Amino acid sequence: MTITNDEVLISVENVSKSFTGAAGDELRVLDDIDLQLRAGEIVALLGRSGSGKSTLLRTIAGLIGPTSGTVRYRGTELNGANPGTAMVFQSFALMPWLTVQDNVELGLAAQGVPPTQRRERALKAIDVIGLDGFESAYPKELSGGMRQRVGFARALVLEPDVLLMDEPFSALDVLTAENLRNELLTLWGGANFPTKAICIVTHNIEEAVLFADRVIVLGANPGHIRAEVPIDLARPRDRRAAGFETLVDTLYDLLTGREPGVTVPEPTEATPTARPLPTASVGGLAGLVEIVYAKGGRADLPDIAAELSFEADDLLPLVDAAAMLDLLIVAGGDLAITPIGKEFTTADIQRSKQIFAQQARHRAPLVRTICTALASSADGNLRAGFFLDLLRRGFSHDDAQQQLDTAIDWGRYAELYDYDTDSDQITADPAAGLHPALTA
Ligand code: ADP
Ligand code: MG
């Protein structure tokens, strides 16, 4: 199965997708995506949280339609669910009231396969995926790893041309995930694997290098193809091989570095929607700056991730936040501490808070917007709902709330303003000198 031939199974042509935001505005999530999935290959879609990976996979599956552009299966434009695909979900998505056997048969029943054949095919898939003996168990009796095996059996029993997987291992513990990954790759390498191609969505860089023949890196705001990286390593792959690490570095660099030809406004000038706040706690980003300082002011991102057993998705928002505040500089997959970052991490707590306040007020667009609005308010008080309404023009409901939560966390720590849940009021801190009526 390792030889890629040129048989194009799925082609995505100029696909864009927009959703309607919380305030009725158009939110573009995918922008002009072109890609093909061919027989014999595993393609990984790698990107940060929010870059549109799940939306793209659901578009390929025909579960949602593109706003513009076309998805074809074997040359035919989709009109509803893609008949050549089956999906494995992060959340397993099993029917709790059905046994393993019945869960696996479900899709076959929907296709109108007669009961005897259904039974036979399901038993075979259950056997292949290592669930033998669990046919009559219910999902709640199974561990996470066994539940996801049911997820795989349910997809594989359909013998789809293309198996689609949306972060299938990310809800499992580390060892169970590694075990299932290896088993799946062994099956893929064997003669009887029932699908011709796999498309896996992941935010885990090593997982992408472990699986893929090609990694398609997605950038965000809106989701677009940033780069395509071929992975020419022999299988089975060894995480410790030199070539493996080089590719991991390359992908880290692509996920953190500046994108050629794309101008992103500087944090000191950007609006809150052009430069969203990374989902990072003050404690988390301060911890990262401290680690880089302790390593002599420079550190390799993949090393830090491995040391902390952090996945890229846990680490990258901290990196983005520290870079936005000019506490760290990111270049070529490396982190370097800035003079301000050094002062921030070595100063006493009061001084360190002052530095954070100054950086956040000038370089975190939403914090800046809140400070400016408080300064021009009548009494240094504003309803949080006011900012939420503004944010909903550029973000989905949940993302808007997430942005506000982060801005409140940062502003509180910085003693710029405080938030009271009961009254839903954001109040300028008298000590911060934001509002003339409020000075300490
Ligand atoms: P990923 O899987 O890479 O994390 P998603 O495809 O889930 O990204 O989401 C990309 C963006 O689209 C996010 O900002 C998300 O909030 C938004 N989004 C996804 N689905 C919807 C929807 N049904 N309505 C509005 N916004 C959505
Ligand atoms: Mg997703």
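This passage walks through a sheet, a helix, two hollow spaces and some unusual backbone spots in a predicted model.

Let's start with the sheet. Four strands line up in the order β2-β1-β4-β5, with antiparallel pairing, and the sheet is open. Strands β2 (residues 26-38) and β5 stand at the edges with a single partner strand each, so one side of each has no neighbour in the sheet. Further in, β1 (residues 8-20) and β4 (residues 68-73) pair in the antiparallel sense over 5 bridges. Two facing pairs help to trace this match on screen: V12 stands opposite V71, and S16 stands opposite S68. On the way to the edge, β4 pairs with β5 (residues 76-77) over 2 bridges, again in the antiparallel sense. Here R72 has E77 as its bridge partner. The hairpin of β4 and β5 has 2 residues between the strands, and R74 in this hairpin takes a positive phi near 45 degrees.

Next comes helix α8, which covers residues 282-294. How far apart should the ends of a helix with 13 residues be, at 1.5 Å a residue? The expected span is 18 Å, and the end C-alpha atoms of α8 are indeed 18 Å apart, so the two agree. The buried residues of α8 are V282, L285, A286, L288, V289 and V292. Seen down the helix axis, these buried residues fall within an arc of 155 degrees, so they line one face of α8. There is a simple idea behind such patterns: an α-helix has 3.6 residues a turn, so residues three or four places apart point the same way. On the other side of α8, G283 and A294 are exposed. Just after the helix, G296 takes a positive phi of about 90 degrees.

Now for the empty space. Rolling a probe the size of a water molecule over the atoms shows where such space is left. In this model, the count comes to 1 cavity of 30 Å³ or more. The largest cavity holds about 40 Å³ of space. Its lining is made up of V128, I129, R149, F152, L180, E183, L184 and L187. Which helices each supply at least two residues of this lining? They are α4 (144-156) and α5 (174-189), with α5 giving the largest share, 4 residues. By class, the cavity lining has 6 nonpolar and 2 charged residues, with no polar ones.

The second largest pocket has a volume of about 580 Å³. It is lined by 25 residues, and V174, N204, R239, F310 and E311 are the ones nearest its centre. Helices α5, α6 (205-211), α7 and α9 (301-307) each supply at least two residues of the pocket lining. Helix α5 turns up again here, giving the most to this lining with 4 residues. The classes in the pocket lining come out as 12 nonpolar, 5 polar and 8 charged.

That leaves the backbone oddities. Most residues other than glycine have a negative phi, and most peptide bonds are trans. Where do the cis bonds sit? One runs from N221 to P222, with omega near -10 degrees. P222 is in the loop between β9 (214-219) and β10, and it counts as partly exposed because its relative accessible area is 23%, which lies between the limits of 20% and 50%. From P222 to A280 is 58 residues in sequence and 21 Å in space, C-alpha to C-alpha. Another cis peptide bond joins R235 and P236, with omega about -5 degrees.

P236 belongs to the loop between β10 and α7. A234 has its place in the loop between β10 (224-230) and α7 (242-256) too. Is A234 buried or exposed? With a relative accessible area of 64%, A234 is exposed. A234 and D213 are 21 residues apart in sequence, and 9.9 Å separates them in space, C-alpha to C-alpha.

Two residues other than glycine round off the tour with a positive phi. A93 has a phi of about 55 degrees and lies in the loop between β6 (85-88) and α2 (100-110). At 35% relative accessibility, A93 is partly exposed. For E167, phi is near 45 degrees, and the residue lies in the loop between β7 (162-166) and α5. E167 counts as buried because its relative accessibility is 11%, under the 20% limit.

Notes:
Residues are numbered from 1 along each chain as its sequence is written. Chains are lettered from A and ligands numbered from 1 in the order in which they are written. This is a predicted model: local features need pLDDT of at least 70, side-chain atom pairs count only at pLDDT 80 or more; totals for chains, interfaces and linings use all residues. Side-chain values use heavy atoms; hydrogens and water are left out. Two strands pair if DSSP finds at least two bridges between them. The expected span of a helix is 1.5 Å times one less than its number of residues. Buried means under 20% relative accessible area, exposed over 50%, partly exposed in between (1.4 Å probe, protein chains only). The arc is that of the directions from the helix axis to the C-beta atoms. On a 1 Å grid over the protein atoms alone, a cavity is a set of points where a 1.4 Å probe fits but cannot get out, and a pocket is an open set with protein on both sides within 12 Å along at least five of seven lines; lining residues have an atom within 4 Å of a point. Grid points are joined across faces, edges and corners, and a volume is the space filled by probe spheres set on the points. Ala, Val, Leu, Ile, Met, Phe, Trp, Tyr, Cys and Pro count as nonpolar, Asp, Glu, Lys and Arg as charged, and the others, Gly among them, as polar.
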